[in-house]
Structure formats: structure tokens, C-alpha cells
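Me: Please take a close look at one helix of this model, and then set that helix in the context of the whole chain.

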Amino acid sequence: MKKFLGLSLSALMVAALSGCGGNNVSSVTNYAYVYSSDVQNLDYVTSQYAVDHQVNANLVDGLLENSTTGELVGALAESWESNDDATVWTFHLREGVQWVTSEGVEYGEVTAQDFVTGLQHAVDFESGTAWLLEGVLKNFVEYERGAVTFDEVGVKAVDTYTVEYTMEQSTPYFDSMTTYAILYPVNATFLESQGVGCKLGEPDRTTCSFGSVDPSSILYNGGYLLTALDSKSHIQFQKNENYWDAEHVYVETVDWYFDDGSDPYSVINGFAQGTYTQATLLASWEDFEEYVEEYKDYYYPTLPNSACFGTNFNYNRQSYNYTAHTTDAEKENTQNAIRNANFRRAYMAAFDRVAYLTVNTPEEVAVDMLRNMNQFPDIVTAPDGTSYTELVNNAYEELTGEAIDLSDGQDPFLNKEKALEYIEAAKAEGVQFPVTLDLLAIGDQSQIYIDRANSMKQSVEANTDGQIIINVILQSYDVVNDICYRNQDPARTDYDINTFSGWSPDYADPKSFVDIYSTSSGAYMHTLGLALDDENDPSSQEAKAEVGLDEYERLYREADAITNDMQARYEAFAKADAYMVANAIMVPQQMDARGYVVTKVVPFTRSYSNTGISEYKYKFMRVQEETVTREQYDAAYEEWLAAREAQ
């Protein structure tokens with residue numbers, strides 16, 4: 001999974017400038033930008049966090065990757081095919097691809113067995129993305145449970161250069177899943193040299209250093225080597241001269257410099273001084289319009305993206321270390337309210353998401369950023385040509401009797417009159433008002449975090465006539481990061497509402513979003529304060545039933561069981577997405593950060609993808625001496641669109 005930290009500094013400054021096109025040949029061989037969150041894990045097959053993938057995607061290649069137009073193309077695999085019912089997928093590797101050490105010394109050839117090793121290591125070390133293959137790869141779950149040996153799992157090296165995957169059922173989108181890191185290769189000899197606890201089948205984290213935060217703890221077969229990794233200071237990538245596709249790595253050195261966001265002008269000043277390759281114009285600046293005028297011939301808005309951020313509720317709160325609640329009665333009342341669908345609908349109708357986003361984003365871009373379902377609306381198109389958004393709209397109307405438009409870039413929810421109606425309905429169902437909600441917010445870095453939290457507070461309270469009150473609890477970045485983002489213990493979800501996690505799809509199927517709220521395997525269950533079904537927590541089970549998550553799980557499982565009729569499959573998943581919105585189980589909010597950027601990156605010269613981690617690669621990227629003009633960007637954009645349409 002690509003789990004994002006909401007409002008991370010890199011997001012606020014809109015670091016992603018991916019895409020294709022642009023014919024400019026450039027002699028600039030360095031790129032410099034900023035980062036705000038330290039890498040946690042170089043063990044690429046086990047990490048679930050975007051910050052790690054942004055690094056690891058440049059160090060190791062998988063079977064496939066995305067081109068600059070988003071086409072799925074071979075990386076370590078030269079070719080691939082499936083059988084007729086897409087239950088067996090076969091990948092044929094390039095010969096002669098080399099593993100190298102962090103010093104660039106050749107270690108050995110990449111072989112099919114490395115993909116088997118990588119997957120076994122991922123499961124042995126309880127990969128944060130293991131759920132991706134549960135119910136997909138034959139006997140994968142059984143191995144997790146200890147019921148079979150790994151040689152019974154649906155992956156095998158047919159020969160030195162052929163790797164084969166066997167599915168539990170027809171999986172026509174499996175090739176798009178191979179762009180995700182859990183399916184990346186690991187060299188067994190090197191792995192087991194990193195400590196006795198690294199031995200396959202006998203994992204022990206305490207005695208295995210593979211993938212620790214040390215550049216020498218992994219091998220490389222990707223476009224770059226990691227030559228510096230200094231906490232809250234500097235990260236550096238250097239071109240891997242032994243890379244199999246070195247001719248398409250144009251930028252030889254990539255430098256990231258730590259920036260905590262305390263100075264909102266640091267990046268634009270660095271760009272003006274030639275330190276940084278790009279910058280974002282932030283609407284939160286008092287002199288924003290002056291910068292818009294200064295860069296009027298250069299800035300342009302970044303492209304829409306596939307991520308979705310929103311408000312998650314804590315349905316079973318147990319910790320109150322960070323709270324404004326003063327009595328047990330108040331805590332109980334808030335919990336009862338959160339479990340009430342009409343209360344959640346009132347919150348959704350009261351929250352002015354555009355005002356929230358315009359704290360640091362130009363209004364026209366803020367409106368375009370609105371996302372109205374927990375899904376990338378363009379994830380698929382039905383075989384009959386119906387867009388996925390329209391499928392969800394139809395399912396919502398069938399479920400509620402109300403017509404709605406859940407497409408991006410407009411707000412179908414904000415409505416004070418409806419918010420008050422929902423409050424009256426909640427009162428009739430026993431909810432006592434006013435209701436107070438604890439919201440953790442970062443208070444020791446960028447002012448933007450505080451301003452956005454206060455914007456939410458202002459709109460929700462105003463549009464409910466003070467009947468829903470938001471307590472903004474300011475804490476350090478480290479505290480918020482730990483509790484709201486990295487935490488995997490439902491008992492530590494110390495908030496009532498959380499806006500600090502976002503998601504983007506891992507493969508081209510609606511399941512990639514729908515299953516994150518699965519009661520049995522969902523990556524967001526702990527964010528909701530809930531244990532997974534197999535953890536057998538009675539209070540969590542009660543909450544799931546009361547909130548409607550049990551019904552959501554039923555809809556999800558029903559959809560995922562349909563594998564031979566894509567029209568029926570997508571329509572069934574649309575029912576789950578519509579149910580999520582209708583019951584405000586989570587409140588969809590926005591795509592990942594967008595804004596006005598100025599840059600020297602030649603437009604559309606990075607991998608483009610809405611799934612997997614190819615989008616993070618610096619391969620293909622070119623940098624030019626002069627700032628990109630709007631005219632140059634517009635011409636490249638038209639070329640890019642034409643290329644995508646021609647695919």
C-alpha cells in the first residue's frame with residue numbers, strides 16, 4: 001500500500017511532477033529538493049509507507065514499471081503473459097541484470113529465484129503490504145497461518161530467467177500489481193549475510209539488519225545508489241552506472257534536504273537562489289499574489305492524482321492522553337455520536353472542504369482537488385463504457401433514493417440546512433448535543449497545519465450552530481505522526497477524528513481502495529480504533545456492527561468474488577463505495593496536494609502512474625537550465641495527452 005501522511009511537508013509543497021512527453025534534451029545532471037519525514041525502512045518488500053517507497057523505488061526494480069505515458073512496460077521482465085483465465089502469470093527476465101552493493105560493486109545476477117526469496121522474506125517479516133496478495137496468490141494466506149510450507153505458495157522459479165505466479169482465482173489485473181514493492185526481488189545469499197535472523201523461514205527482527213536505515217544493508221539493481229541517508233539532514237542518490245537501463249537515467253545526482261516547514265518561504269527562496277530545482281507557490285503567503293505576478297509566465301497547476309484523503313472516525317476510542325474531554329459522560333457521548341450515521345452525515349454536510357484547502361492552495365486548484373468517494377474515480381471503466389463514478393452514482397441512488405454527483409472537482413455535501421436536519425435525526429436516535437470531537441494537529445512546524453485545523457473547526461461549528469465542536473489539540477509532529485499515521489495498535493488511536501492518512505491505489509481495480517476498510521484485512525481498521533476480525537476483540541465487533549462496517553464487508557466480499565464478469569464486478573464494488581459515502585463511514589475530502597509550481601524539470605519526463613510506485617522513480621526525468629515556461633508546459637501537456645490517447 002501507499003499510505004500517505006496527510007499534510008506532510010512534501011505534500012504541502014507538491015513534490016510530485018510526474019508524467020511524460022517533453023522533448024528537451026538537457027545537460028543538467030542534478031536535481032535538488034526537500035523532504036520532511038525520515039525514511040523508516042529500506043526493506044522495500046515489507047514497508048507500507050510512501051516516504052519509504054519514494055526512496056526505495058529508485059534503488060530496486062521490479063518486474064514491470066510505467067512509462068512516461070503510464071503504459072505498463074517491462075523492467076526486469078522483458079515479456080510476460082497469462083493463461084486464458086488469468087490464473088497463471090509468467091514473466092521472462094532480462095539476462096545479465098546485476099545486483100550491486102551500495103559501493104557499486106557487482107554482487108551477482110538477478111534471477112527468478114530472487115523473486116521467490118523476496119516474497120518469502122516479505123511474509124516472514126510480516127510485510128505491511130501482505131494484505132495485497134491475500135486471497136490473490138495461491139496458498140499465500142495458508143503460509144501466513146503456518147498451514148503450508150512456502151514451496152506450496154503460488155510463486156516459483158521455472159528456470160533461471162522465468163518466474164511464475166499462480167492465483168487463487170482469475171486475476172486479470174495482476175500484472176499491474178507487480179509494480180508494487182512486495183513483489184520485488186531479494187538476493188538470498190546477501191539477505192542471509194545480514195544476520196542469523198534473516199534466514200528464510202526462521203525470521204528474527206532482532207538479529208536481522210537487512211533493510212535497516214543504512215545504505216549498505218540492501219543490494220541495488222535500480223537506477224540509483226543511496227550514497228547519503230542522514231536523519232533530518234540530507235539524502236542523496238547517485239546514478240547506478242551498472243543499471244541495466246542506464247541510458248534512460250539522465251539525472252546523475254539527486255539531493256534531498258530536510259525542511260520542517262517552519263519557514264514557509266524557504267523553498268521558493270531556495271529555488272530563486274538556484275539551490276532547489278522546483279518550488280510551490282503557497283496561497284497561505286500574505287504576498288501570494290505578488291509571487292503569482294512575478295512567476296506569471298512560469299507557474300502551472302499540477303495534475304490530478306489518484307490519492308484520497310479524508311476524515312476517519314475513532315469508533316472504539318480507548319486512550320485519552322490527548323483530549324479536551326473532561327468527564328466520562330462527555331467521552332461516552334462523543335463515542336455514541338460517532339457511531340451514529342446521522343451524526344457523521346451532519347459532520348460531512350458541515351465541513352467546508354474548499355475553505356480548508358484554500359489555506360495553502362489557490363481556490364481554483366482547491367476546488368479541483370475535491371474527491372467525493374474513497375476511490376480513484378478513474379480506476380477503471382466498465383466494459384460497457386460507463387465510468388466508475390457513474391456506477392457509484394447509480395448505486396448511491398439505488399441505495400438512498402437520492403441522485404448525487406460524486407465526481408471530483410465539486411462539492412455535493414456542503415449544506416448547512418442538511419447538516420441541521422441530520423442533527424435533528426441524530427437527536428431522535430438518542431445522540432446528546434453538543435458533541436465535542438478531539439482532533440490532533442501539528443503545532444511545532446508549519447503554520448499551515450494549525451490554520452487548516454482551525455478552518456475545519458470554524459466551518460463545522462458554524463454550519464451546525466455550535467452543536468458539533470472540534471477541539472484542536474496541538475502536539476508535536478512526532479506525536480501526531482506516531483499516533484495518527486504510523487500507529488498499528490487500535491488501543492493507541494488517541495483522537496476522535498483523524499485527517500492525517502491518505503491512500504493511493506496499488507493496482508488497477510476498485511478493490512485497491514475498497515479493501516482498506518475491510519473488517520478482516522483492512523489497513524485502516526486500526527486507524528478507526530478497531531481490531532481486525534481475527535483478533536477477536538468483542539468491543540470492536542460491536543462497534544463494526546453498529547457503524548455498518550459488517551455490511552460494508554459483506555458488499556466487499558460479494559464484489560471480490562466476481563472474477564469472470566468485469567461489468568458485474570465493477571458494479572458490485574460501486575455498491576460498497578456508495579455505501580461508504582451514504583453512511584459517512586469515512587468522509588472523503590481531497591486528492592493528494594496540488595498547487596501552482598515553478599520548476600526546471602522538463603514537463604512530463606518522469607514515469608506516470610496512478611498505481612504502484614513507479615511514479616516515484618527519477619528514471620526518465622530531465623532537468624533544464626532555465627525555469628520551465630507555461631508555454632512550454634502547455635505544449636508538452638498536449639503532446640502527452642495525444643501520446644496517452646494513442647496507446
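The helix in question is α13. Which residues of α13 are buried, and what do they pack against?

Reply: The helix comes first, then the chain around it, then three single residues.

This is a predicted model, in which local features need pLDDT of at least 70, side-chain atom pairs count only at pLDDT 80 or more, and totals for chains, interfaces and linings use all residues. Residues are numbered from 1 along each chain as its sequence is written, and side-chain values use heavy atoms, with hydrogens and water left out.

Helix α13 covers residues 388-400, 13 residues in total. Helices here are DSSP runs of H or I with at least four residues, strands are runs of E with at least two, and both are numbered from the N terminus. From first C-alpha to last, α13 reaches 18 Å, close to the 18 Å expected at 1.5 Å a residue. That expected span is 1.5 Å times one less than the number of residues.

The buried residues of α13 are Y388, T389, L391, V392, N393, A395 and Y396. Buried means under 20% relative accessible area, exposed means over 50%, and partly exposed lies in between, with a 1.4 Å probe and protein chains only. An α-helix has 3.6 residues a turn, so residues three or four places apart point the same way. The buried residues of α13 pack against α20, residues 566-582. Contact means heavy atoms within 4.5 Å. Just after α13, G401 takes a positive phi of about 80 degrees.

Now the core. The largest nonpolar core has 183 residues, and Y44, Y165, F174 and Y347 touch the most other members. The largest share of this core, eleven residues, comes from α20, the helix that the buried residues of α13 pack against. A nonpolar core is a set of buried Ala, Val, Leu, Ile, Met, Phe, Trp, Tyr and Cys residues joined through side-chain atoms within 4.5 Å. Leaving aside neighbours within four places in sequence, F174 is in contact with W89, F91, L133, V136, Y165, M167 and L183. A second, separate core of eleven residues includes L440, I442, I483 and F500.

The chain as a whole has 21 helices and 22 strands. Its radius of gyration is 24 Å, close to the 26 Å that the globule rule gives for 647 residues, so the chain is as compact as a globular protein of that length. The radius is taken over C-alpha atoms, and the rule is 2.2 Å times the number of residues to the power 0.38. The C-alpha atoms fill a box of roughly 70 × 65 × 50 Å along the principal axes. Of the 647 residues, 63% count as buried. Among contacts with a separation of 6 or more, 72% join residues 24 or more positions apart.

Three single residues complete the picture. S501 lies in strand β20, residues 501-504. S501 is buried, with a relative accessible area of 2%. Its side chain reaches the backbone oxygen of C484 at 3.4 Å.

G529 sits in the loop between α17 (511-514) and α18 (538-547). G529 counts as buried, because its relative accessibility is 0%. Beyond its neighbours within four places in sequence, G529 is in contact with N314, N316, Q318, P490, T493 and S540.

Q458 belongs to helix α15, residues 447-463. Q458 is exposed, with a relative accessible area of 59%. The C-alpha atoms of Q458 and I469 are separated by 9.0 Å, and the two residues are eleven apart along the chain.

Conventions:
Polar contact = N/O pair within 3.5 Å; in protein donor to acceptor, adjacent residues only side chain to side chain.
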